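Dear colleague,

Please find below the structure that I am handing over to you. My notes on it follow directly after.

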Amino acid sequence: AAAAALVVLAMTLFYTHKIAGPLYRLRREIDQIKKGDLNRHFILRAEDQLQSLAHSLEEMNSVLLSKSKELKSRWQELDRYLTQKNIAAEERETINKMKQEIETVLNYFKS
């Protein structure tokens, strides 16, 4: 009975390590993305569990990174366009405030 208990304990520790370790790594990467760092990668060891979840998170992050870069590029185009327009002084202040607010949000993401 003691030998069986030791085997069960060893197997439990082995499988816990195969699941808890990857979960910890995935959570750490997700926390960095929440802080705006889209340059993260969800890479697990080949023998770890949760490979499909890591792959899905990697794809999701890739899409977020791509869309973030696209938004920044389109924002730069719009900013250039607005700069070239002859806008009344009273409207220019409102537009500049809105531009700063948008830039603050866009700059949250590090891409």
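**A buried lysine and its partner**

Lys99 counts as buried, because its relative accessibility is 14%, and buried means under 20%. Please bear in mind that this is a predicted model. Lys99 is the partner of Asp79 in a salt bridge, in which the closest N and O atoms are 2.6 Å apart. This pair connects distant parts of the chain, since Asp79 belongs to helix α2 and Lys99 to helix α3 (residues 89-108), with their positions 20 residues apart in numbering, that is, 20 residues apart.

**Salt bridges within helix α2**

Across the whole structure, a search finds six salt bridges. Two of them share Glu70. With Lys67, Glu70 has its closest N and O atoms 3.5 Å apart; both residues lie in helix α2, three residues apart, or about one turn of the helix. With Arg74, the corresponding separation is 3.2 Å. Arg74 and Glu70 are separated by about one helical turn, because they are four residues apart in helix α2.

As to exposure, Glu70 has a relative accessibility of 30% and therefore counts as partly exposed. Lys67, at 47%, is likewise partly exposed. Arg74 has 53% relative accessibility, so this residue counts as exposed; the cut-off for exposed is over 50%.

**Helix α1 and what follows**

Helix α1 comprises 33 residues (residues 2-34). At 1.5 Å a residue, α1 should span 48 Å, and its end C-alpha atoms are 46 Å apart, which agrees. The helix nevertheless has a bend of about 25° at His17.

The buried residues of α1 are Lys18, Gly21, Pro22, Leu26, Glu29 and Ile33. Helix α2 (51-84) is included in what covers them. One of these buried residues, Glu29, also takes part in a network of salt bridges that links Glu29, Asp37 and Arg40. Just after α1, Gly36 adopts a positive phi of about 100°.

In brief, helix α2 holds the pairs that Glu70 forms with Lys67 and with Arg74, and Asp79 of α2 is joined to Lys99 of α3.

With kind regards

Conventions. Residues are numbered from 1 along each chain as its sequence is written. This is a predicted model: local features need pLDDT of at least 70, side-chain atom pairs count only at pLDDT 80 or more; totals for chains, interfaces and linings use all residues. Side-chain values use heavy atoms; hydrogens and water are left out. Helices (H or I, at least four residues) and strands (E, at least two) are DSSP runs, numbered from the N terminus. The expected span of a helix is 1.5 Å times one less than its number of residues. The bend at a residue is the angle between axes fitted to the seven residues ending there and the seven starting there. Buried means under 20% relative accessible area, exposed over 50%, partly exposed in between (1.4 Å probe, protein chains only). Contact means heavy atoms within 4.5 Å. A salt bridge is a side-chain nitrogen of Lys or Arg within 4 Å of a carboxyl oxygen of Asp or Glu.
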